[in-house]
Amino acid sequence: MTVDDTSDGRAPDPGEHPDAGGTTQQESPTPPFWRRAFDSLKVPVLAVFSALVVGALLIMFTDEDVLYAWARFFNDPLRALERSATTVWEAYSALLDGAVGSPAAISESLLRATPLILAGLAVAFAFKAALFNIGANGQMIMGAMFAAWAGFSLDIPGPLVILASLVVGTLAGAVWGGIAGVLKATTGAHEVITTIMLNFIAGFLLAYALTTDAFLPSGTGNPVSKPILDQARLPRFISGERVDLGIFLALGAVLLIWWVLERSTFGFQVKAVGLNPHAARYAGMKVATITALTMAIAGGLAGLGGATIPIGPTGTLTAGIIGFLGFDAIAVALLGKSNPFGVLAAGLLFGALNAGAVTMQAETQIPVDIVIVIQALIILFVAAPALVRAIYRVRTGDAESPLFTSSWGSG
Amino acid sequence: MTDTSSSGTQPEASVSTGTKSTDKQTADAAVAAEARRRATRRGIIWLFTGVAVIWLFAIGVDTSISSTFDLSTTTDLTLTVPSAATVWVLGGVIVALGVLQIVRPLGASGYLSVLVVILAVMAFLTWAGRDQAFSLVGMLQSTVTRATPLALGALAGVLCERSGVVNIAIEGMMLFSAFLAAFAASASGSLWVGMAVGVFGGAALAWGHAGLSVTYKVDQIISGTAINFFATGITAYLAASVLTSNPQLNRSGTFDNWSLPLLGDIPFIGEFLFDNNIYVYTMYVLLPLVTWMLFRSRWGLRVRSVGEHPRAADTVGINVLRTRYHSVILGGMAAGLAGSFLPLGSVGSFQEDMTAGRGFIALAVMIFGRWNPVGALGAALLFGFAESLNSKLAILGTPIPSEFLLMAPYVVTLFVVAGFGGRARPPAADGQPYETN
C-alpha cells in the first residue's frame with residue numbers, strides 16, 4: 001500500500017487551480033493530433049523560454065557596466081535599461097550566431113549534438129524502465145576509450161576499422177551500463193548509486209590508461225593518446241566543415257529506439273516494467289532480465305555516443321574528453337520527455353547552445369558556464385509542470401504525465 | 001512495494017502473495033535460509049581476504065625486515081614490528097574469523113566486517129611501510145580531517161531521507177555553500193561569517209529542493225539533479241565572471257587547528273583526534289546530537305514516522321509536509337556546513353568544482369552507514385582513510401598505480417551497496433511525494 005494508490009483517478013494537482021480542475025476532467029475522447037502536439041510542446045517551450053529569461057538576468061547582473069548603470073538608475077533610468085538590454089542582446093545574438101548563424105556554426109552544432117543525442121537516448125531509454133541512468137558519463141568514457149584504442153591500433157581498411165571502433169565502443173559502454181543493470185537485478189543495489197560509482201571508476205580507468213604504453217605515443221608523458229589513424233576517422237560529408245557521419249548514427253539510433261519502444265515486444269516489456277514491475281512480473285515478464293538488458297542497451301547507446309568523439313572531431317583521446325556530457329545528456333532526456341524524437345530535438349538544441357556558448361564567450365567574455373545554469377533551469381521547469389502552470393497561468397493538457405524514477409523505496 | 005527495498009526478488013514475491021499463515025511460515029523459512037546463505041557468503045569473502053592478505057603482503061617478504069610507525073609528530077614515539085610476522089598474524093586472524101563464520105555464523109557480523117577491513121588495511125600498511133618509517137599519526141589525522149565533510153554531508157542525507165525525501169543534491173548544496181562561504185569570508189574578513197553564510201546557502205538550496213519535491217511533487221531524484229546542475233553552473237559562472245577579476249574576493253584563509261585542553265595532550269590519540277579545526281569538533285558534537293534527536297526525541301520520532309508511513313503520521317495529526325520541509329532544510333544546513341569546510345577548513349579559497357564528487361561519496365557514506373549518523377561516521381572514516389592512504393602511499397612509492405588507489409573507495413562502495421544492499425533498508429516512504437487530502 002503506497003500513498004500513490006490514494007491519488008488514483010484524480011487530476012494531477014487539484015489544489016493548484018480549483019477552476020481548472022473541472023475543465024481538465026471533461027476531456028474529449030481523442031483530441032486531434034495537432035492539438036496534442038501543441039499541448040505537449042507547451043511545457044518544454046515555456047521551460048526553455050523561462051530558462052533563457054533567468055539566464056538573461058544573470059548575465060545582466062554580473063556585468064559591471066550594467067551594475068554601474070543601475071547604481072545610477074535615478075540619475076539616468078533609460079541608460080540602465082538600455083545597458084541591460086544591450087548586454088543581453090549582444091550575448092544572446094552571439095549565442096545564436098555561434099549556434100546557427102553560418103554553415104560552420106551549424107556544422108559545429110550538429111557535431112556537438114551527436115554525442116548528446118546518443119547519450120540522451122541512453123538516459124531516456126532507461127527512464128522508460130523507471131531506471132535513472134546517471135552513469136551515461138562513465139559509459140561514454142568507456143566507449144570513447146575503447147573506440148580510440150581500436151582506432152589507433154587496428155591497422156585494417158577504413159570502413160572496417162570505423163565499424164570495429166564503433167562496435168567496441170558500444171560494447172564497452174554496454175558492459176559498463178550492464179554492470180549497474182545486473183547489480184540492480186540481482187542484489188537490488190540502486191542504479192543511481194552504482195552508476196555514480198561507475199562514473200568515477202571509469203574516469204580513473206581512463207586516467208590510468210593514459211599513463212600506459214598501449215595508449216600513449218612512446219616517449220611522451222603527456223596524457224594525450226596516440227592519434228587515431230586517418231582511415232579510422234568518421235568521414236566528413238561537407239567539404240570544409242567538421243561535421244561527420246556521426247550525426248547520421250545518432251539519427252539512426254533515434255529511429256531504432258523509437259521502433260524498439262513503440263513496435264517491439266521488448267520495448268513493451270521495458271515500458272511495462274517501468275510503469276509497474278509487480279504487474280509486469282505477474283504478467284510473466286522476467287523483470288530482472290529486462291532491467292539488466294535495459295541498462296546494458298542504455299550503456300551501449302552512451303558508449304556509442306562516447307565513441308563518436310575520439311574517432312570524430314578530436315582525433316585523440318584525452319582525460320577530459322567526455323567532460324560532463326553524460327550529465328548534459330540527463331537534461332537532454334528530461335527535456336525530450338524520454339521520447340526518442342524529443343531527445344533528438346533536445347539534443348540538437350543543447351548542441352546548438354553549447355556551440356553558441358563558445359562563440360558567446362569569445363565575443364562577449366561571458367563564461368560558457370551560463371549554459372549549464374540555463375540547462376539546470378530547463379530541467380527544473382520541465383520536471384515541474386505545475387511550476388510552469390503556476391507562472392504562466394496556462395493549462396498544459398492531460399497529456400502531462402510527471403516523470404518518475406524508482407526511488408530507493410520501491411522495487 | 002514500499003517495504004522490500006532491495007532485498008532481491010524472492011521476499012517481495014512472497015509478500016505480495018502471502019496471505020495465509022502457511023505462506024508466512026514458508027516465507028520466514030526462506031528469509032532464514034537467505035540470511036544463512038548471506039552469512040556463509042560473508043565468511044567465504046573473509047577467508048579469501050585473509051588468504052589474499054598473507055599471499056600478497058607476507059609471502060616473499062624477508063623475515064629480518066621490520067616496519068616502523070611514527071606515533072607522534074612532536075615527540076619521537078615510534079612502534080617497530082617485524083613486517084612478515086605481523087602480516088601473518090593479522091592475516092591469520094582474518095582467516096580464523098572467516099572459518100568460524102562459515103562453520104557457525106557469528107553475531108554482529110557487520111562490525112566484524114569492519115574489523116576485517118581494518119585488519120587487512122593494517123596488514124597492507126605493514127607491508128607498504130616495510131623497511132622504512134611511516135607517519136601513522138599524520139595519516140590518521142588526515143583521515144579525520146578528510147572524513148569530516150563526508151560525515152557532515154552524510155548527515156544532510158540522513159536528515160532528509162529519514163523524513164522521506166531522497167537527497168542526491170548534497171553535492172550541489174556543498175558546492176554552492178563552498179562558493180558562498182569563500183566569498184563571504186573574503187568579503188567580510190571573518191571566517192565565522194563565511195561559515196554562517198555557507199550554512200545559509202545550503203539551507204537555501206534545500207528549501208528549493210523541498211519546494212520542488214514536497215510542494216510541487218517533482219520526482220525527488222530529478223529535483224536533486226536539477227539542483228546539482230544549477231549549483232555547478234552558477235558557481236562556475238560566478239567564479240569565472242566575478243572571482244577571476246576580483247581575486248581579493250576569493251582569499252578566505254582557513255580556520256587554525258586548535259588543540260583541546262587536556263584531551264589534546266594525550267600522546268598519539270590526542271594528536272590526531274583533538275588537535276583539529278572547528279569543523280572536526282562540530283562533527284564530534286553534531287553526530288551524537290542528531291543521533292539522539294532522531295532516535296530519542298519526540299521530534300525524531302515524528303520525522304521518522306513521516307519517512308516510514310506518512311499516511312499514519314498524518315492520521316495522528318503530524319503535519320507531513322511541514323515536517324519534511326524542516327528536515328530537508330536542516331539537512332541542507334548540514335550540507336552547507338560540509339561545503340563551507342572545503343574553503344574554510346582545508347583549501348583557503350574557492351575553486352571551480354572543488355567538491356569533486358564528495359557530495360556523491362557522502363551519499364554513498366549515508367547508505368553505507370544505513371541511514372544512521374553513527375554508521376555514517378564509520379563509513380566516512382573509511383573513505384577518509386582511503387584518501388589519505390593514497391596521498392601517503394605516493395610518498396612511500398608502492399608499485400600500485402595511484403589511479404587504482406583513488407578508485408578503491410568507489411569500488412568498495414559498489415561492492416558494499418551490492419553486498420549489503422539487502423540489509424540496508426531505507427525509510428519506507430523514501431522518495432515518495434505525499435498527497436494531502
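**Figure 1. Surface and fold of chain A in the predicted model.** The accessible surface of chain A comes to about 17500 Å² (Shrake-Rupley method, 1.4 Å probe), and 66% of this area belongs to carbon and sulfur atoms. Of its 411 residues, 55% count as buried (under 20% relative accessible area). The chain has 18 helices (DSSP runs of H or I, at least four residues) and zero strands (E, at least two). Among contacts (heavy atoms within 4.5 Å) between residues at least 6 apart in sequence, 75% join residues at least 24 apart. This is a predicted model in which local features need pLDDT of at least 70, side-chain atom pairs count only at pLDDT 80 or more, and totals for chains, interfaces and linings use all residues. Residues are numbered from 1 along each chain as its sequence is written.

**Figure 2. The second largest cavity, with a volume of about 40 Å³.** A cavity is a set of points on a 1 Å grid over the protein atoms alone where a 1.4 Å probe fits but cannot get out; lining residues have an atom within 4 Å of a point. Volume is the space filled by probe spheres set on the points, which are joined across faces, edges and corners. Two cavities of 30 Å³ or more are counted. The lining of the second largest comprises Leu111(A), Thr114(A), Pro115(A), Asp244(A), Gly246(A), Thr308(A) and Pro313(A). Helix α6 (residues 103-128) of chain A supplies the largest share, three residues.

**Figure 3. Confidence along chain B.** The pLDDT (the predictor's confidence in each residue, from 0 to 100) averages 83 in chain B, with 91% of the residues scoring at least 70. Helix α6 (residues 170-188) of chain B has the highest mean, 94, and helix α1 (residues 10-17) of chain B the lowest, 43. Over residues 1-18 of chain B, pLDDT stays under 50. Where pLDDT is low, the predicted coordinates should not be read in detail.

Terms used:
Chains are lettered from A and ligands numbered from 1 in the order in which they are written. Side-chain values use heavy atoms; hydrogens and water are left out. On a 1 Å grid over the protein atoms alone, a cavity is a set of points where a 1.4 Å probe fits but cannot get out, and a pocket is an open set with protein on both sides within 12 Å along at least five of seven lines; lining residues have an atom within 4 Å of a point. Buried means under 20% relative accessible area, exposed over 50%, partly exposed in between (1.4 Å probe, protein chains only).
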